[in-house]
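Here's a quick tour for anyone opening this structure for the first time. Have the sequence and the 3D view side by side, and hop between the topics as you like.

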Amino acid sequence: MAEVITSGQNPKIKTLMALQEKSRERRQKGLFVLEGRRELEHALEAGFVLDTVFVCPEILSLTNETPLLKAFLKDKPDVIEVSNSVYSKIAYREGTEGIIAEVVTPERTLASLALPENPLVMVLESVEKPGNLGAVLRSADAAGADAVIICDPLTDLFNPNLIRASIGAIFTVPVVTATSAEAIKYLKDRKIQILTAQLQDSSLYYETDMRGGTALVMGTEATGLTPVWRMAADAHIRIPMLGRLDSLNVSVSAAILLYEAVRQRQK
């Protein structure tokens, strides 16, 4: 019989909320919080391990679950029922249909990537805003990118806002973190060309061949890429800016470059 929690002061509820709010707590416990049936499905399909699941029977209807999630909820012992009032306290978004889980944080490194021949890789250096990172991951999924490498990250991969912004793409695209030096060596060793997005000393992105193994590298909107990437690049590319401003949102820029690679590869 599942444990039932009716108080928001329960220690397990406090732990769950700490995992939602504090990256230090996530690092120390090796867990992150995932909310919503669709996201849980993507996580299970990607091989993520659910540690503890909190369900609100007043909201969740198992009869409507997909076979994968239904099987997990049936066989997994660490399923805790929470009252509607407790669920409303722990839910950080609307419309998630009564289910939240604590998930084991996997170790994601460059060594864990299994890239195909002529891969398409998105590289982000020190992009801080979870919303931007999540949006780039959605574009990477849509464009069929083989991996996303986040260099010198300023936010952890499993920040709830990043997960929410990615709409589950954090689970559907291989995503790893590394230092810039590690990523450059990894790409050079595999003869994957490095194309840095920058306005200075650059060619138009659609005039650059992206049909071979390609890493598209972008920095922050405020400061762009650091010199280490500019020096390591095989070519510098730019998106034409025809207005008075000289900056696009990083997620918009990433989508443009990713789909140019898709266009070239479909010829």
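Let's start with a pocket: the residues lining the second largest one split into four nonpolar, five polar and five charged. Keep in mind as you look around that this is a predicted model. From the pocket we'll move on to the cores, a few helix residues, the strands and two loop residues.

**The second largest pocket**

- The space in this pocket comes to about 300 Å³.
- There are 14 lining residues, and R27, T105, D156, L157 and F158 sit closest to the pocket's centre.
- Helix α2 (residues 23-29) supplies the largest share of the lining, with three residues.

**The nonpolar cores**

- As a bit of background, nonpolar side chains in soluble globular proteins tend to be buried together.
- Here, the largest nonpolar core has 48 residues, and the ones touching the most other members are M122, I170, F171 and L216.
- Helix α11 (residues 250-265) gives this core its largest share, six residues.
- A separate core of 21 residues lies apart from that one, and its members include V121, A147, I149 and I192.
- Want to see what F171 touches? Setting aside residues up to four places away in sequence, look for F32, L34, E39, H42, A43, A46, F48, F158 and I163.

**Helix α3 and what follows**

- Which residues of helix α3 (residues 37-45) are buried? They are R37, E39, L40, E41, A43 and L44.
- After α3 comes G47, which has a positive phi, near 90°.

**Two buried helix residues**

- A140 belongs to helix α6 (residues 130-142). Its relative accessible area is 0%, so A140 is buried.
- Along the chain, A140 and A255 are 115 residues apart, yet their C-alpha atoms are separated by 7.5 Å.
- Not counting neighbours within four places in sequence, the contacts of A140 are A145, V148, V173 and L258.
- Q264 is part of helix α11. Is Q264 buried or exposed? It is buried, because its relative accessible area of 8% falls under the 20% cut-off.
- Beyond residues up to four places away in sequence, Q264 touches Y205, Y206, T208, D209, M210 and R211.

**The seven-stranded sheet**

- In general, strands of a sheet pair through backbone hydrogen bonds, in either a parallel or an antiparallel way.
- One open sheet here has seven strands with parallel pairing, in the order β8-β7-β6-β11-β9-β12-β10.
- At the edges are β8 (175-178) and β10 (203-204), each of which pairs on one side only.
- Two bridges link β10 with strand β12 (residues 235-238), and the pairing is parallel. Across this pair, S203 stands opposite I237, while L204 faces R238.
- Strand β9 (residues 193-197) also runs parallel to β12, with three bridges joining them. T196 has H236 in β12 as its bridge partner.

**Strand β3 and its partners**

- Why is strand β3 (residues 50-55) described as largely enclosed by the rest of the structure? Because five of its six residues are buried.
- β3 pairs with strand β5 (residues 99-104) in the antiparallel sense, over five bridges. L50 is matched there with V103 in β5 as its bridge partner.
- β3 also runs parallel to strand β4 (residues 79-82), and three bridges join the two. For F54, the bridge partner in β4 is I80.

**Two loop residues with positive phi**

- Most residues other than glycine have a negative phi, which gives you some context for the next two.
- K191 isn't a glycine, but its phi is positive, about 55°. You'll find K191 in the loop between α9 (180-189) and β9, and its relative accessible area of 74% makes it exposed.
- D201 isn't a glycine either, and its phi is positive too, at about 50°. D201 lies in the loop between β9 and β10. With 65% relative accessibility, D201 counts as exposed, because the cut-off for that is over 50%.

Definitions and conventions. Residues are numbered from 1 along each chain as its sequence is written. This is a predicted model: local features need pLDDT of at least 70, side-chain atom pairs count only at pLDDT 80 or more; totals for chains, interfaces and linings use all residues. Side-chain values use heavy atoms; hydrogens and water are left out. A nonpolar core is a set of buried Ala, Val, Leu, Ile, Met, Phe, Trp, Tyr and Cys residues joined through side-chain atoms within 4.5 Å. Buried means under 20% relative accessible area, exposed over 50%, partly exposed in between (1.4 Å probe, protein chains only). Helices (H or I, at least four residues) and strands (E, at least two) are DSSP runs, numbered from the N terminus. Contact means heavy atoms within 4.5 Å. On a 1 Å grid over the protein atoms alone, a cavity is a set of points where a 1.4 Å probe fits but cannot get out, and a pocket is an open set with protein on both sides within 12 Å along at least five of seven lines; lining residues have an atom within 4 Å of a point. Grid points are joined across faces, edges and corners, and a volume is the space filled by probe spheres set on the points. Ala, Val, Leu, Ile, Met, Phe, Trp, Tyr, Cys and Pro count as nonpolar, Asp, Glu, Lys and Arg as charged, and the others, Gly among them, as polar. Two strands pair if DSSP finds at least two bridges between them.
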